[in-house]
Each structure stands twice: as C-alpha cells, then as structure tokens.
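Me: I have a model open and would like to learn how to read it. Could you walk me through it?

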Amino acid sequence: MVLICCYEDSLSYYLIKIVITTLLVVLISEIVKRSSLIGAVLASIPFVSVLAMIWLYIDTHDVAKVSALASGIFWLVLPSLALFVSLPLLLRQGVNFYLSLAVSIILTAGCYWLIVSTLNR
C-alpha cells in the first residue's frame with residue numbers, strides 16, 4: 001500500500017490499478033473454464049466494488065465518499081440480479097445465447113432505471 005500511495009498522481013499508479021483489476025478479471029475467467037462453481041463463487045465476490053473502494057480511498061482518503069459508494073453499490077446490486085435470473089431462464093427455453101444476453105441486458109437496464117427513479121424520489 002505504501003508503494004501505491006507514493007504514485008497516486010502518476011501514470012505508474014494508473015497502470016498499477018489497471019493491471020491489478022485486469023488480472024483479477026482474467027484470472028476469474030480462466031478459473032471458470034475449469035470449474036463453474038469455483039468461478040461463480042469468485043465472480044460473486046464483489047472484487048470490482050472492493051477495488052473501487054480501495055482506489056477511491058487511496059485517491060481521496062475520504063471515508064464519506066467510500067461510504068456513499070458502498071451504499072450506492074448496495075442499492076444497484078438489486079437490479080443487477082435481473083440479469084442472473086433472466087439469462088438462465090431464457091437459455092433453458094432454447095433462446096439463442098446472444099439474443100438471451102441482449103434481452104437480459106435490456107431487462108436489467110430497465111430495472112436499473114426503475115430503482116434509480118425510485119431512489120431519486
């Protein structure tokens with residue numbers, strides 16, 4: 001962490017953030033090829049959210065911003081669940097993968113709109 005803190009405003013710091021984040025995504029995608037269960041467990045852990053909170057804290061040292069981010073993530077996880085419900089249902093019905101994915105993404109976007117509209121009231 002000390003090493004990262006020294007590079008907060010440099011190109012090296014941004015490259016470190018990109019490399020660490022990318023390595024996690026690639027690692028999980030490779031593990032999924034060998035074990036769906038282990039890959040699902042790893043993918044369900046909010047690595048990206050945790051990394052975003054870490055990077056935000058390192059960049060700002062503002063716990064209020066980190067708290068706000070964590071609260072926002074909580075509320076926006078709910079509509080994201082629409083993707084994980086609709087995609088397998090469509091695939092089991094024999095709908096083409098890309099069409100299933102597109103429909104699931106559109107449904108999820110609609111759920112995001114609904115929750116954001118509700119939270120803004």
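**Reading the chain, then one residue**

Reply: Happy to! This is a predicted model. Let's begin with contacts along the sequence: among contacts in the protein chain with a separation of 6 or more, 50% join residues 24 or more positions apart.

Me: Which elements does the protein chain have, and how many?

Reply: Counting elements is a good next step. The protein chain holds six helices and zero strands, so its overall form is worth a look too: the radius of gyration is 18 Å, well over the 14 Å that the globule rule gives for 121 residues, and the chain is therefore more spread out than a compact globule. Along the principal axes, its C-alpha atoms fill a box of roughly 55 × 45 × 20 Å.

Me: What percentage of the residues is buried?

Reply: Of the 121 residues in the protein chain, 18% are buried. The chain exposes about 8700 Å², with 75% of that supplied by carbon and sulfur atoms.

Me: Let's zoom in. Is Ser80 buried or exposed?

Reply: Compare its relative accessible area with the cut-off: buried means under 20%. Ser80 has 16%, so it counts as buried. You will find Ser80 in helix H5, which covers residues 63-92.

Me: Which residues is Ser80 in contact with, leaving aside neighbours within four places in sequence?

Reply: Those are Thr108 and Tyr112. Look also at the side chain of Ser80, which reaches the backbone oxygen of Val77 at 2.5 Å.

Me: And how many charged side chains are there, positive and negative?

Reply: The protein chain has 6 positive and 5 negative ones, and the centres of the two sets lie 17 Å apart.

Technical notes
Residues numbered from 1 in each chain as written. Predicted model: local features only at pLDDT ≥ 70, side-chain atom pairs only at ≥ 80, totals over all residues. Heavy atoms only, no water. Helix = DSSP H or I, 4+ residues; strand = E, 2+ residues; numbered from the N terminus. Buried < 20%, exposed > 50% of the residue type's maximum accessible area, 1.4 Å probe, protein only. Polar contact = N/O pair within 3.5 Å; in protein donor to acceptor, adjacent residues only side chain to side chain. Contact = heavy atoms within 4.5 Å. Rg over C-alpha atoms; globule rule 2.2 N^0.38 Å. Areas by Shrake-Rupley, 256 points an atom, 1.4 Å probe, with all protein chains shown as cover. Lys, Arg positive; Asp, Glu negative; His and termini not counted. Charge placed at Lys NZ, Arg CZ, Asp CG, Glu CD.
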